[in-house]
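This briefing is for a reader who is new to the structure below. Please look over the sequence and the model, then read the points that follow.

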Amino acid sequence: MVSLVRQHLTRGLVSTGLPERYIRQEQRNRGEAYPTDLSAWLYPLQGELNRAGKRLSVEQAPVRSRRWLWLGEANMRCELYARNEPELNQILQGFLTWLFDHTLVDSAGVRFKVPAERIRFSYQDEEGVLIAQNGIRLEIPVEIGIYRDNAWTPITVEIEREIEGGASGE
């Protein structure tokens, strides 16, 4: 599930004009200097899955039923760095606009909320130090879930004969 979210967020960053080769899928090392050129760092932080209820989490469709086994939320961090403030603003605005306009859909057609709630942002690292002149950290909550699809078995009913004495049309 996390790889699907990473792909979705990467597509959003690429849509802003950020080349995919500048998007690192790992956490920046603590002692490492902050980037001064165009780049993005994308990595998962933490999350929570809750066991879904028995009957409350079943969806039925004409050809299958879907039972949700686990539902929850995860947090992804996206650190954006640019050469100057206008470039950072352009990338940030483009990325947030793309997230607003595009829904994460998995291969089975299930839609997930990305972001699930508010996006948190900061200009400081864990120690309260300004991360860079032209950098920002986004914490993006995403909806995650694990489900099982069951195909319905088609049933054909054949009537051998009509029962006498029944109402018309029965």
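Two strands count as paired if DSSP finds at least two bridges between them. Strands β4 and β8 meet this, since 17 bridges join them and they run antiparallel. Arginine 64 stands opposite alanine 151, a residue of β8. The model is predicted.

**Strand pairing**

- Strand β8 is also joined to β7, which covers residues 120–122, by three bridges.
- The strands β7 and β8 run antiparallel.
- Serine 122 has arginine 137 in β8 as its bridge partner.

**Helix α1**

- Helix α1 takes in residues 2–15, which makes 14 residues.
- At 1.5 Å a residue, a helix of this length should span 20 Å, and the end C-alpha atoms of α1 are indeed 20 Å apart, so the two values agree.
- The buried residues of α1 are Val5, His8, Leu9, Thr10, Gly12 and Leu13.
- These buried residues pack against several elements, including β2 (39–51), β4 (64–81), α2 (85–101) and β8 (135–151).
- Two further elements that they pack against are β1 (23–24) and β5 (104–105).

**Backbone features**

- Glycine 17, just after α1, takes a positive phi of about 100°.
- Valine 114 and proline 115 are joined by a cis peptide bond, with omega at about 0°.
- Proline 115 is placed in the loop between β6 (111–112) and β7.
- As background to both features, most residues other than glycine have a negative phi, and most peptide bonds are trans.

**A buried asparagine in β4**

- Asparagine 75 is a residue of strand β4.
- The relative accessible area of asparagine 75 is 14%, and buried means under 20%, so asparagine 75 is buried.
- Setting aside neighbours within four places in sequence, asparagine 75 is in contact with Pro44, Leu45 and Gln46, among others.
- The contacts of asparagine 75 also include Glu139, Ile140 and Pro141.

**A nonpolar surface patch**

- Leu49, Trp70 and Ile146 form a nonpolar patch on the surface.
- Together these residues have about 250 Å² of accessible area.
- Leucine 49, one of the patch residues, lies in strand β2.
- Leucine 49 has a relative accessible area of 37%; partly exposed covers values between the buried limit of 20% and the exposed limit of 50%, so leucine 49 is partly exposed.

Conventions. Residues are numbered from 1 along each chain as its sequence is written. This is a predicted model: local features need pLDDT of at least 70, side-chain atom pairs count only at pLDDT 80 or more; totals for chains, interfaces and linings use all residues. Side-chain values use heavy atoms; hydrogens and water are left out. Helices (H or I, at least four residues) and strands (E, at least two) are DSSP runs, numbered from the N terminus. The expected span of a helix is 1.5 Å times one less than its number of residues. Buried means under 20% relative accessible area, exposed over 50%, partly exposed in between (1.4 Å probe, protein chains only). Contact means heavy atoms within 4.5 Å. Patches are made of residues with over 30% relative accessible area and no salt bridge: like charges are joined within 9 Å, nonpolar side chains (Val, Leu, Ile, Met, Phe, Trp, Tyr) within 5 Å. Accessible areas come from the Shrake-Rupley method with a 1.4 Å probe; for residues, only the protein chains shown count as cover. A salt bridge is a side-chain nitrogen of Lys or Arg within 4 Å of a carboxyl oxygen of Asp or Glu.
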